[in-house]
Amino acid sequence: MPRGSSLKVGISGIRGIVGETLTPQLVTTFAEAFGSFVGPGSVIVGRDTRASGEMVKNAVFAGLLAVGCKPIDVGISPVPSILIKTNRTDAIGAIAITASHNPVQWNALKFVGRGGLFLNRYEAQELLDIYHQSEFALVETDLYMSVVRDDDPVKEHFAAVLDYLDVEAILKRKFKVVYDACNGAGSTFTPRFLELLGCEVIGINNVPDGVFPRNPEPKAENITQLCETVKAEKADIGFAQDADADRLAIVDENGRAIGEELSVALAVKHVLSRERGPVVVNLSTTAIVDRIAAEFDCPVIRTRIGEVNVAEAMIAHKAVIGGEGNGGVMVPAIHPCRDSFAGMGIVLQMLAEKGKTVSQLVSELPSYVMVKHTVACSTEVAHSAMTSLRKKHTQDGTVDTIDGLKITYPDGSWIHIRPSNTEPVMRLTAESPSAERARDLPRRFAEEISSLC
Amino acid sequence: MNGRDLKQLRIGPSGVRGIVGQTLTPELITDFACAFGTYVQSGLVVVGRDTRASGEMVKSSVLAGLVSTGCTVVDLGICPTPIVQFMVRELSAAGAIAISAGHNDARWNALGFINFRGTYLNEYEGEGVLDIYHSGEFAKRPWDALGRVEQKTDYLPIYFSRLCSFIDTKAVREAHFKVIIDPCNGAGACVVDILCECLGCQLIPINNEPTGIFPHDPEPRPRNARQIASIVKPVQADIGFLLSSDVGRVSIVTDTGETVSEECTFPLVLEHFLNRKKGPVVTNLSTTKMVDDIALRYDCPLVKSQVGHFHTIHTMLGEDAVIAGEGSGTVAVPEFQPAFDAFLSMGLILEMMAARRKKISELLRELPRYHIIKEKIYCPPEKVHNAIDEVRQYYRNEKPDLTDGVRVDWSDGWLHVRASTTEPLIRVIAESNHKRIARERADRAVSIISRVI
């Protein structure tokens with residue numbers, strides 16, 4: 001396979017490998033473009049724990065200062081905290097320095113607009129235009145601002161989450177919790193949060209040095225150490241976060257990873273049981289969500305992949321809950337962003353209110369099997385392959401083409417096919433109540449795609 | 001086009017100087033920091049800045065660039081340039097970047113490149129950095145080989161204890177001088193308090209806040225010394241000192257309130273220092289004849305260098321001189337450190353006053369005095385060569401020295417016409433026993449140049 005560029009410039013920000021493509025010059029120029037886009041004002045700057053974060057942060061400061069912005073340095077911070085601080089203060093935007101679940105040699109800038117939402121694709125396009133045209137609003141010395149430090153990045157965030165929860169109910173239970181922060185932004189903030197909820201807290205991988213002890217993506221296969229620790233400590237629950245603490249995976253009291261798809265499913269069930277309203281999730285999120293919403297007679301709105309797409313649909317539809325199947329719980333009453341802290345709080349409250357164990361809560365959910373698959377497909381033929389797939393399968397079931405192709409079959413099975421933004425592959429996600437069908441669907445489509453590519 | 005409207009950027013062997021918001025962009029600074037970091041082979045680099053509002057932007061760019069090339073950085077924060085230079089040797093660093101535009105007004109900023117000896121880079125070293133800059137081949141380090149940034153705050157006592165052991169502190173302390181110092185809210189602000197405390201002087205500070213808001217141009221010369229002059233007599237001070245924003249230069253105000261030309265600083269220190277130690281003296285081609293007279297009186301050889309900090313310093317080192325200085329108010333004593341250092345100049349002047357038990361006004365009266373006229377003419381870069389050549393043509397029968405522009409010597413004085421390396425202008429300096437003659441010579445040179453522009 002030809003080696004692709006290790007720089008990805010797209011609507012979700014810029015991402016690259018430090019020492020190769022993510023140079024301080026590039027970071028500075030993007031920060032200038034962003035500062036020119038939002039105009040002079042306070043811009044929150046936070047980062048995850050990656051070793052390259054300090055270099056990237058200085059480059060971001062330089063770019064922002066040069067265009068008259070006032071950087072608010074919150075240091076190492078969970079991404080949801082950055083978004084919520086942007087929303088609850090007079091900041092006009094934020095730059096989150098994090099490559100999220102990517103391996104340690106990567107870093108990235110994610111751009112946040114006024115109100116604390118990631119830039120949508122139209123805003124991101126405008127930012128890219130400014131970048132490419134080098135139309136930077138450089139200011140002269142008399143308009144320069146200084147960097148301001150904010151030593152409490154989670155203040156507004158924790159206040160909002162605690163306000164949303166029934167803290168009293170959780171406090172009474174004194175849960176024993178193990179968390180795995182992947183040495184990321186959750187390392188120091190997660191115990192602080194859980195202690196506020198009266199938990200007895202045991203941490204693993206909680207040194208915020210950015211040396212990731214495991215793959216940062218909180219998938220079942222990456223969190224075996226957490227599973228073992230929960231079991232050994234006889235804890236009530238285990239929580240795993242990614243490096244920027246926006247995604248959450250849960251381990252039950254028996255030390256079994258319940259699967260990151262169920263984080264959002266549990267949250268949907270809890271929230272709808274208290275307040276009915278629309279649910280917004282992306283196309284690839286588990287169908288368990290639809291089943292739960294149907295029980296409560298609530299509509300489910302499906303969006304394109306991308307956190308900002310879910311967030312904007314949540315606002316437009318006045319959703320009460322939603323998120324992404326990758327462990328991204330989003331509670332609009334707190335803030336429409338993926339928030340592992342909101343997710344942890346909600347699950348603990350479920351345990352407290354129902355007096356049940358995690359495994360009991362999971363056993364009450366409908367059972368589905370999800371299978372993911374990738375097929376090599378060069379970027380040149382990806383478009384034509386998608387077009388022929390769409391034409392061929394229009395009659396198979398309910399078809400959705402807002403992002404690739406999703407077909408939902410009458411038996412509740414579904415498959416979602418889309419070209420990757422980052423690699424020359426097609427991503428296939430299938431889910432079914434039947435394990436056999438969940439394996440069969442992507443296999444069948446993979447063969448078909450291979451013949452097209 | 002008016003010369004003042006030109007976009008200004010000056011790139012020389014020992015640094016880069018430009019106007020913030022126009023030419024001195026964060027990308028440019030980052031590139032130069034990367035080039036310097038590559039040049040010093042990812043070694044330890046000391047960074048300090050003066051108080052200018054743009055200093056934080058420049059520093060952020062410098063840190064990002066240095067760290068990306070694997071340099072570990074000791075960040076001294078706001079720090080006078082001579083102390084940055086001192087700390088290079090103290091920490092056995094590979095070099096330093098001093099962020100200060102010295103005497104330039106607040107719109108400017110600059111990077112000064114300093115080698116492992118604590119001196120500005122010479123032409124050959126500077127060539128090395130520029131070649132790397134122009135090739136763009138920077139050392140790009142991966143995430144696990146990036147440099148770190150260490151903040152250092154405890155360095156002032158180290159510097160001042162060394163300075164005080166170089167000066168006859170006991171004699172100065174016994175004199176109980178009352179001293180006015182105006183650091184122009186630059187890097188010397190508050191640091192001068194330590195100097196006075198060490199030397200047992202009562203300090204009356206003016207503009208002693210490190211805000212970077214310059215109450216007047218940060219250039220030590222009589223017209224900027226009026227604030228000091230207005231209070232010398234009312235407070236019965238023994239002497240007043242006016243500093244540049246980087247504490248490289250100093251000019252004097254006497255006990256009688258006379259604002260003394262910055263030309264007198266070096267001759268005064270020289271007159272005293274050659275009593276302590278005899279040896280070769282270095283100055284530049286634009287400096288007062290007072291220096292010639294004093295060197296002759298002490299029977300010390302005098303060598304004249306091209307104009308420019310690094311020329312003077314490197315000539316001093318090459319000639320094994322005991323002292324060097326310039327008409328702009330700088331003095332360097334290599335036995336202490338090979339750098340222009342206004343703290344040392346102030347210390348030596350106070351030592352002289354204590355040793356000779358005379359008022360500063362009396363000491364100055366004992367020096368040979370000449371009339372010096374300094375003019376500057378804005379000149380677009382494309383016309384500089386013609387302008388200088390026109391002057392050379394005019395004086396072709398007077399055996400002009402063409403080392404640096406045109407210098408003509410007569411029995412009763414001299415004239416020096418040269419292009420500034422830091423600004424788009426031509427400097428005309430005439431000195432004579434008779435004010436009228438100096439004035440006539442300067443006016444004539446100005447009119448010759450004006451014809452060409």
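**Figure 1. The buried side of helix H7 of chain B in this predicted model.** Let's start with helix H7 of chain B, which runs over residues 191-198. Its buried residues are B:Val191, B:Val192 and B:Leu195. Why do they sit on the same side of H7(B)? They cover an arc of only 100 degrees around the axis, and this puts them on the same side of the helix. Have a look at what surrounds them: the buried residues of H7(B) pack against helix H5 (156-166), strand S8 (178-182), strand S9 (202-205) and helix H12 (342-356), again in chain B. Follow the chain to just after H7(B) and you will meet B:Gly200, with a positive phi of about 65 degrees.

**Figure 2. Where chain B touches chain A.** Chain B brings 28 residues to this contact, and chain A brings 30 residues. On the side of chain B, helix H1 (26-39) and helix H2 (55-68) each supply at least two residues. Which helix gives the most to this side? That is H2(B), with 9 residues. Sorted by class, the side of chain B that touches chain A holds 12 nonpolar, 8 polar and 8 charged residues.

**Figure 3. Domain 1 and domain 2 of chain A, side against side.** According to the domain assignment, chain A has domain 1 (7-153), domain 2 (156-363) and domain 3 (369-452). Between the C-alpha centres of domain 1 and domain 2 of chain A there are 27 Å. The contact joins 26 residues of domain 1 of chain A to 32 residues of domain 2 of chain A. If you are looking for a landmark on the domain 1 side, try helix H3 (residues 79-88) of chain A, which provides the largest share, 8 residues. By class, the domain 1 side of this contact divides into 11 nonpolar, 11 polar and 4 charged residues.

**Figure 4. The largest nonpolar core and the surroundings of A:Ile95.** In soluble globular proteins, nonpolar side chains tend to be buried together. Here the largest nonpolar core has 293 residues. Those with the most contacts inside this core are A:Val43, A:Ile95, A:Val268, B:Val45 and B:Ile97. Helix H12 of chain B supplies the largest share of the core, 10 residues; you met H12(B) in the first view, where the buried residues of H7(B) pack against it. Now zoom in on A:Ile95: leaving aside residues up to four places away in sequence, A:Ile95 touches A:Ala31, A:Phe34, A:Val43, A:Val45, A:Val60, A:Leu109 and A:Phe111.

How values were computed. Residues are numbered from 1 along each chain as its sequence is written. Chains are lettered from A and ligands numbered from 1 in the order in which they are written. This is a predicted model: local features need pLDDT of at least 70, side-chain atom pairs count only at pLDDT 80 or more; totals for chains, interfaces and linings use all residues. A residue is buried if 20 or more other C-beta atoms lie within 10 Å of its own, exposed if 12 or fewer, and partly exposed in between; C-beta atoms are placed from the backbone. Helices (H or I, at least four residues) and strands (E, at least two) are DSSP runs, numbered from the N terminus. The arc is that of the directions from the helix axis to the C-beta atoms. Two residues are in contact if their C-beta atoms, placed from the backbone, lie within 7 Å. Ala, Val, Leu, Ile, Met, Phe, Trp, Tyr, Cys and Pro count as nonpolar, Asp, Glu, Lys and Arg as charged, and the others, Gly among them, as polar. Domain bounds come from an automatic or database domain assignment. A nonpolar core is a set of buried Ala, Val, Leu, Ile, Met, Phe, Trp, Tyr and Cys residues joined through C-beta atoms within 7 Å.
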